Amino acid sequence: MKVEIERTADGSPTLYRKDIDEHYHSVKGALAESTHIYVDLGWRKAWENRDRVRVFEVGFGTGLNAVLTAKAALDAKIHTYYYSVERYPLSKQITDTLLPCQPEEYRFLFKEINDAEWNKPVSINPFFTLIKIQENLLTMDIPGNLDVVYFDAFAPEKQPEMWDESLFHKLYDVMNPGAILTTYCAKGSIRRMLQQTGFITERLPGPPAGKREVLRAVKP
């Protein structure tokens, strides 16, 4: 897997995969996109009525969503148990090259989270426990009692198998009532698929620069 580092519009970096012609984050702002879609619309909304949160992330990627959630959990003092699945993790060479490109305030967390051992719980700070799972999401047993799902797979036209209705059913079954799924993909076909699965969906404004709309789905 060959990737190139690119600077996005808000100064934060992303990766570009030539083989599938796809970026890991929005080129209009990686940091802004992840903060808005996953931390603000997902994680922050989920702990309004909870003192701890269980997150499941589809696609660990560069670890940016985990980094931002770890910092938010520490700042808000909300205990967060964070599962993230990635079938093909980035090499240490790539993540080490990405490190100096990160905003300075996130560099320590970025290194700690990317260097964390796979397939075991790692305490990143007193309020954030990380479990990076190297496995095939389509065949693995997904952890239960989830409060938030960050659905951050590559786009449906690039990874159609990751956007199959059967996967949304698997996620729905292990989510708690009131749990939230957030994703950058606001396509009508994906929204209808989530509704058919049983979720209540809403289109919400995207980040200030970037996608016009994103999706949030709630399990009744």
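Buried here means under 20% relative accessible area, a cut-off on which the views below rely; the model shown is predicted.

**View 1. The buried residues of helix α4 and the elements that surround them.** Helix α4 spans residues 107-115, and its buried residues are Leu-109, Phe-110, Ile-113 and Asn-114. When the helix is seen down its axis, these buried residues fall within an arc of 120 degrees, so they line one face of α4. The packing partners of that set come from both helices and strands, namely α2 (64-76) and α3 (92-98) on the one hand, and β6 (122-125) and β7 (128-133) on the other.

**View 2. Lys-132, a buried lysine of strand β7 that has no salt bridge.** Lys-132 is found in strand β7, one of the elements against which the buried residues of α4 pack. The side chain of opposite charge nearest to Lys-132 is that of Asp-115, which is 6.9 Å away; a salt bridge would need a side-chain nitrogen of Lys or Arg within 4 Å of a carboxyl oxygen of Asp or Glu, and Lys-132 has none although it is buried. A polar atom of the Lys-132 side chain does, however, lie 3.1 Å from the backbone oxygen of Asn-114, a residue that is itself among the buried residues of α4. Leaving aside neighbours within four places in sequence, the contacts of Lys-132 include Ile-113, Asn-114 and Asp-115, as well as Ala-116, Glu-117, Trp-118, Asn-119 and Lys-120, and they also take in Phe-60 and Ser-84.

**View 3. Two buried cysteines, Cys-101 and Cys-185, in a structure with zero disulfides.** A disulfide is a covalent bond between the sulfur atoms of two cysteines, and the structure holds zero such bonds. Cys-101 has a relative accessible area of 19% and is therefore buried, whereas Cys-185, at 4% relative accessibility, likewise counts as buried.

**View 4. Positive phi values at two loop residues, Asp-21 and Lys-77.** Most residues other than glycine have a negative phi. Asp-21, placed in the loop between β2 (13-17) and β3 (22-23), has a positive phi near 55 degrees, and at 46% relative accessibility it counts as partly exposed. Lys-77, which lies in the loop between α2 and β5 (79-85), has a positive phi of about 60 degrees although it is not a glycine, and at 55% relative accessibility Lys-77 counts as exposed.

Conventions: Residues numbered from 1 in each chain as written. Predicted model: local features only at pLDDT ≥ 70, side-chain atom pairs only at ≥ 80, totals over all residues. Heavy atoms only, no water. Buried < 20%, exposed > 50% of the residue type's maximum accessible area, 1.4 Å probe, protein only. Helix = DSSP H or I, 4+ residues; strand = E, 2+ residues; numbered from the N terminus. Arc of directions from axis to C-beta. Contact = heavy atoms within 4.5 Å. Lys, Arg positive; Asp, Glu negative; His and termini not counted. Polar contact = N/O pair within 3.5 Å; in protein donor to acceptor, adjacent residues only side chain to side chain. Disulfide = S-S within 2.5 Å.
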